[in-house]
Amino acid sequence: MKRVVVTGIGIVSPVGIGASDYFANLCSGQIGLKRIASLDPAGFACQIAGEAPAYKIGDYVPKSYRKATKVMARDIELAVIAADEAFKDAGLKSKAYVEKPEIDESRFGCNIGAGLISAELNELTAAMASARGDANKLDLTKWGTEGMTQLTPLWLLKYLPNMLACHVTIIHGLMGPSNTITCADASSHLAIGEAFRTIQRGKATYAICGGADARVNPMGMIRQQLLKRLNTTSNDDPARAVRPFDTAAAGTVLGEGGGLLIIEEYEHAKARGAKIYAELMGFAASQDTYSITEPDPTGHSYGKAVENALKDGKTTTGEIDLYIPHGLGIPAFDRAELNGLKKALGGDLSRVAFAPLKAQIGNLAAGSGVDVATAVLSIANGKVPPAINTQHTIDNVKLNVSARVREQPVKVAVSSTYSLGGQNAALVFKAV
């Protein structure tokens, strides 16, 4: 089995674009949750979110490709930006930058996690209006004969989940193994895990992997509101809205962003003199069968994913220096996660530096590759990000948290996640 290392990181987040800016802002305690600016949130119970900084998508694609940005949903844009950042960070010259690429395109894979991409309501307005029937209700017959004719022929290409990987591979000319994972919040971790296995087996030399998601839109927000997952009591105090694993937790807040890693076969990376952030040691996944909308309170399956990832990476719980949990700030979900971690880490749970991120960036869902990237950056920089708003742990569970950044060696870091639907995944990284 080939060794696999991280050689590039691309991030778009509510606290910054680019790995260095993101990590510096995160560690300084910056909070990216604010009143929503991209739409009028007055009609929603939760009116705050983590929105990405302003950007121009044309700055992140070749001039010849800018016309294609017209059929990019925001989720796609976030993935394209993160990919551009990752390639530049890795020092890899793809077709996006040079006429004769300096990479073996046939051995460059692409695995990108995606969420349920929400349609932009302004595009549907005319179509829905023309499909109204009696009593001002939607007439499906009229929708098929008249409504859909109001949509551009390329409309659907903005909203297919595989379009994130599609645009990234076309822009950079990647022709290796490719896949799209759509498992909600677990998408990024699963995508990275699959790319990891591909390189381990020798089927690719490098891959770009992770995920992106944009939940700050009416459709994305109303789903989570109906599921009662959002904080509705902190609209006037967004800095304290998300409180992972805390007794005062009252729900999560949505965010938008993406995190993509470039992972590479170790000997190849060493031969080209690449900057190596960390080695990807282990990966595992599992599935709950408890409920479609609620986590298993025992956290059994989630804990098994963590245990198996550590076994896969030949790593003991005593070696872990940093843990990046999912930590949504939803009491039932956080309690289930802690129950799983108690089983997986045992007595080391109270020792390992714990750094939940959602209080600063919100829930990026399929864009949780940002969480994974944070684990890698912590190893490379010798810093543990702050645990903002985790002050009084639920059920009196002892956690090693600090509201301020901690400078300390991080040799092994773990990032894990679970999803609405029961998918669980964990990744283990180690300093090289």
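A residue is described here as buried under 20% relative accessible area, as exposed over 50%, and as partly exposed in between. The structure is a predicted model. Arginine 272, with a relative accessible area of 29%, is therefore partly exposed. Arginine 272 forms a salt bridge with glutamate 264, and the closest N and O atoms of this pair are 2.8 Å apart. Glutamate 264 has a relative accessibility of 0% and so counts as buried.

The model contains 16 salt bridges. One of them joins glutamate 123 and lysine 158, with 2.8 Å between the closest N and O atoms. This pair links distant parts of the chain, 35 residues apart: glutamate 123 belongs to helix 3 (residues 121-130), while lysine 158 is in the loop between helix 4 and helix 5. Glutamate 123 is partly exposed because its relative accessible area is 24%. Lysine 158, in contrast, is buried, with a relative accessible area of 7%. A further salt bridge is formed by glutamate 267 and lysine 270, whose closest N and O atoms are 3.6 Å apart. Both residues of this bridge, glutamate 267 and lysine 270, lie in helix 8 (residues 266-271), where they are 3 residues apart, about one turn of the helix. Glutamate 267 has a relative accessibility of 43% and therefore counts as partly exposed. Lysine 270, at 45% relative accessibility, also counts as partly exposed. Elsewhere, Glu120, Glu123 and Lys158 are joined into one network by salt bridges that share partners.

Helix 5 (residues 163-172) is largely enclosed by the rest of the structure, because 8 of its 10 residues are buried. The buried residues of helix 5 are Met163, Leu164, Ala165, His167, Val168, Thr169, Ile171 and His172. These residues pack against helix 2 (74-90) and against three strands, namely strand 5 (108-114), strand 6 (178-181) and strand 7. Glycine 173, just after helix 5, takes a positive phi of about 70 degrees.

Helix 2 and strands 5 and 7 also carry aromatic residues that pair with one another. The count of aromatic pairs in the model comes to 7. In one of these pairs, phenylalanine 87 and phenylalanine 108 are stacked, with 5.3 Å from centre to centre and 25 degrees between the planes. The two residues are 21 residues apart and link distant parts of the chain, with phenylalanine 87 in helix 2 and phenylalanine 108 in strand 5. Phenylalanine 87 and phenylalanine 108 are both buried. Phenylalanine 108 also pairs with tyrosine 206; the ring centres are 4.4 Å apart and the planes are at 25 degrees, so this pair is stacked. It too links distant parts of the chain, as phenylalanine 108 in strand 5 and tyrosine 206 in strand 7 are 98 residues apart. Both phenylalanine 108 and tyrosine 206 are buried. Together, Phe87, Phe108 and Tyr206 form one aromatic cluster.

Glutamine 423 is placed in strand 15 (residues 423-430). Its relative accessible area is 18%, and glutamine 423 is therefore buried. The side chains of glutamine 423 and serine 419 are joined by a polar contact of 2.5 Å. When neighbours within four places in sequence are left aside, glutamine 423 is in contact with Cys183, Ala186, Leu190, Ser286, Gln287, Thr417 and Tyr418.

Other residues are found at the surface. Met128, Leu138 and Leu140 form a nonpolar surface patch, and their accessible area together is about 300 Å². Leucine 140 is located in helix 4 (residues 140-145). With a relative accessible area of 65%, leucine 140 is exposed. Arginine 201 lies in the loop between helix 6 (187-200) and strand 7 (206-214). The relative accessibility of arginine 201 is 51%, so this residue counts as exposed. Arginine 201 and methionine 1 are 200 residues apart in sequence, whereas their C-alpha atoms are 5.9 Å apart in space.

How values were computed. Residues are numbered from 1 along each chain as its sequence is written. This is a predicted model: local features need pLDDT of at least 70, side-chain atom pairs count only at pLDDT 80 or more; totals for chains, interfaces and linings use all residues. Side-chain values use heavy atoms; hydrogens and water are left out. Patches are made of residues with over 30% relative accessible area and no salt bridge: like charges are joined within 9 Å, nonpolar side chains (Val, Leu, Ile, Met, Phe, Trp, Tyr) within 5 Å. Accessible areas come from the Shrake-Rupley method with a 1.4 Å probe; for residues, only the protein chains shown count as cover. A salt bridge is a side-chain nitrogen of Lys or Arg within 4 Å of a carboxyl oxygen of Asp or Glu. Helices (H or I, at least four residues) and strands (E, at least two) are DSSP runs, numbered from the N terminus. Buried means under 20% relative accessible area, exposed over 50%, partly exposed in between (1.4 Å probe, protein chains only). A polar contact is a pair of N or O atoms within 3.5 Å; within protein, one must be able to donate a hydrogen and the other to accept it, and residues adjacent in sequence count only if both atoms are side-chain atoms. Contact means heavy atoms within 4.5 Å. Rings of Phe, Tyr and Trp (its six-membered ring) pair if their centres lie within 6.5 Å; planes under 30 degrees apart count as stacked, over 60 as edge-to-face and the rest as tilted.
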